[in-house]
Amino acid sequence: MDTAFVIATIGRAFTAGTPLLLATLGEIIAERAGVMNLGIEGMMALGAVAGFGVSLESGSPWLGMLAAALAGISLSAIHAFVTIGMRAGQIVSGIALTMFGLGLSALIGKGYIGRPLQTPLHSITIPGLADLPFIGDILFRRDPIFYFAIIIAALIWIILYKTRWGIAIRSVGENPLAAETMGVDVAWVRVWCVLFGGALSGIAGGYLSIVYNPSWIEGMTAGRGWIVIALVIFSFWNPLRAVVAAFLFGGIDVMQFSLQSLGISPNLLRMFPYVATIVALLITSSSITRRHISAPEALGEPYQPR
Amino acid sequence: MRDRNSAISFVFVFTFIFVTAFTSVFAQENPTVAATASNQVIVKKIKAGFIYVGPVADFGWSYAHEQSRKALVASFPWLESAIVESVAESDCARVIDRLIVEEKCDVVFTTSFGYMNDTLKAAARYPDKSFLHCSGFKRAKNLGTYFAELYQLYYLNGLMAGALTKSGKIGYVAAHPTPEIVRHINALAIGLREVNPRARIDIKWLYSWYDPAKAREAAESLITEGCDVLAFTEDSPAVVQVGQEHTAKGKPVYTFSHYSPMQKYGEDSCVSGQLVDWNGLYEGILLQMYAGVWKADDRWWMLKEGAAKLGASPDQCINPKFVEPLKKAEIQDPVLGKVSVYDLIFKRVSQMSEPGVLFDPFTGPLKDQAGKERLKPGERADQNALWTIDWFIDNVDGTLPR
């Protein structure tokens, strides 16, 4: 195994992991506030088609990314209305959102089939650092959204654990009644967290159609929304662990083809994310660890103010 | 209160399911023609149902069939149609019933190999309707088969690959280990060997007909392993895009487009490719049905019939950027003597377009990977052998998963 091979493989793991990371971070924020959103696949798909369409028509990938975020926000607003406003079941609403998003994106995208994107988002070179041996190529010659995702991860960690907002978000997810007693507007916090999650899912979709595979093809999210749900559990609702987990899962996507030459079946690797998630679930539910790394206590429960 | 909530969410989900199911079937109605004609003569109409395995927007297999359907409906006023897309291979029987009973189709085209057995059963169940199964081999009195075969084009792409490769390693991104794809890979290998006897082909399997992300990763992984030419069978332009990205960064990777015109996804990377045209096949079958002379048979169309076309854009066989290097590359052919690869390609095209097909890539001597002689010198593989092919030529490195 030579250096060029290692550099290329790690680099591609970062690229494949970036959309996973963005959507995972969004879902972590939403779930930390107690709202599970299974509609990620749908929000990503709509973000992908909106991002692609706007980039193609306007010639600006940045406007495309903005449109992708807005698409994610508008879909998640439906989820927020149904689950927080109407207090309906989060799981049902999320699954409906996935189906709705996939269908709507296919409908909108009919005209974008077979049209290449002439203005994809180019990688940026960080002066000085990019010339470092080995890590220069891996870390400092990447697309801007990769850096954006890393920065967002750090920001979310700071917000969640070091600020009053973070305390409000986490308390709403753990014990909304107590939070409300302390003067936190539970519904308001939850709505903002769901919308933020939608924005990040939308950007993750835009990343797929603008950066990763600059084209629109129906169904291009290919089940990533479900991998993200698994990733949230696998990273124990922690944004920094999510960084490691997302790039690990991205690396699995990449490695399945490198390992094929060694006679290792790609099906084995493809099972890994789900097996790893089941293991993570077992860990979170064991009594010793439950206190520190388990799911937010009130996750999935509609909150009825008294 | 809780009950009311779950009732609301049930209504929501039910509505979504209903809307999704409803919108996935587009029935094309054309009532105006019938209305104007009714006071003169009774106009005979044919309603054709199409079942697709993927979304019609895949820019690959289902897209190509759908393009032909649209063209035919536009040109024949007596033709009506209904389509159902993204039908799982195990779900075909139900959809056939739907098309026959509810949509009142006279003929149903099932366009994926996995629909074969369900189509056969449906043909027995509805003896007065006609069925056509694409890419299968089971036929009945009212069930015909048809296929547009591309291996001749892969052979021609192989000639180009042999002339262009510098590393001598050709990568192939392959969907599923089926005879069709084994045929494609072997044809590519035969062309490659003719120009560049030492070059070899490596394969990555996707186990999916349609997955742009996997195709991208497989292509990237082949490039890291040293391949500088990529061909593929998968229904998206991902491989061409990967080639273009590497070429744009200064490391040329040549690609061959598959099924749809993908040159626009890789102006500097895409050399040529395989284009399919189902129009002729569908038109012939439907015109015969309209005239009442259709008989269930097998149609296996290639270059000569116009179902397969060389190229990656509608009006060019070879990307103009690569014409010069192909003209410069010369080889010694036992029959043609010293000939440029460019001339050889067009010689082969004209030979394979002759009514008698003067040349076929699968002509002996051919040895498989284990060194076993599969075709004796001068022997041509027949359609049966090609239809069930499960071995690789000796300049292919990958293995066939079993």
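This is a short talk on how two chains meet in one structure, and on what goes on inside chain B.

Okay, hi everyone. One thing up front: this is a predicted model. Let's start where the chains come together.

On the chain A side, 38 residues are in contact with 40 residues of chain B. Together the two chains bury about 3300 Å², and 62% of that is on carbon and sulfur atoms. If you want names to look for in chain A, try Arg12(A), Ile217(A) and Phe257(A): they lose the most area to chain B, together 18% of what that side buries.

What about charge across that interface? There are two salt bridges between chain A and chain B. One of them joins the side chains of Arg12(A) and Glu217(B), at 2.9 Å from N to O. So Arg12(A) turns up twice here, once for lost area and once for a salt bridge. We also get nine residue pairs in polar contact between these chains. As for where chain A's side comes from, helices H1 (3-32), H4 (90-109), H11 (239-258) and H12 (266-285) each supply at least two residues. By class, that side has 20 nonpolar, 10 polar and eight charged residues.

Now let's go into chain B. It's divided into domain 1, which is 2-149 plus 277-308, and domain 2, which is 151-276 plus 309-387. The contact between them takes 23 residues from domain 1 and 29 from domain 2. They bury about 2100 Å² between them. On the domain 1 side, Phe59(B), Trp300(B) and Leu303(B) lose the most area to domain 2, together 32% of what that side buries.

How many salt bridges does this domain interface have? Two. Lys309(B) and Asp277(B) form a salt bridge too, with their closest N and O atoms 3.2 Å apart. The domains also share six residue pairs in polar contact. For domain 1's side, helix H3 (61-75), strand E6 (143-148) and strand E12 (298-301) each give at least two residues, and H3(B) has the largest share, with three.

Next, a few more charged pairs. Over all chains the structure holds 27 salt bridges. Take Lys45(B) and Glu80(B), whose side chains meet at 3.4 Å, N to O. Lys45(B) sits in the loop between helix H2 (31-37) and strand E2 (46-51), and Glu80(B) is in strand E3, so the pair ties together parts that are 35 residues apart in sequence. Buried or partly exposed? Lys45(B) is partly exposed at 23%, while Glu80(B) counts as buried at 15%.

Then there's Asp97(B) with Arg125(B), a salt bridge at 3.0 Å, N to O. That one links helix H4 and helix H5 of chain B, so it ties together parts 28 residues apart in sequence. Here Asp97(B) is partly exposed at 25%, and Arg125(B) is partly exposed at 40%.

Last stop: Phe131(B). Where is it? In strand E5, residues 130-134 of chain B. Phe131(B) is buried, with a relative accessible area of 0%. Leaving out residues up to four places away in sequence, Phe131(B) touches a whole list of others, including Ile96(B), Val108(B), Tyr126(B), Leu143(B) and Trp294(B). For a sense of distance, Phe131(B) and Ala189(B) are 58 residues apart in sequence and 36 Å apart in space, C-alpha to C-alpha.

That's the tour, thanks.

Notes: Residues numbered from 1 in each chain as written. Chains lettered and ligands numbered in written order. Predicted model: local features only at pLDDT ≥ 70, side-chain atom pairs only at ≥ 80, totals over all residues. Heavy atoms only, no water. Helix = DSSP H or I, 4+ residues; strand = E, 2+ residues; numbered from the N terminus. Buried < 20%, exposed > 50% of the residue type's maximum accessible area, 1.4 Å probe, protein only. Contact = heavy atoms within 4.5 Å. Buried area = accessible area lost by both parts, 1.4 Å probe. Salt bridge = Lys/Arg side-chain N within 4 Å of Asp/Glu carboxyl O. Polar contact = N/O pair within 3.5 Å; in protein donor to acceptor, adjacent residues only side chain to side chain. Nonpolar A, V, L, I, M, F, W, Y, C, P; charged D, E, K, R; others polar. Domains from an automatic or database assignment.
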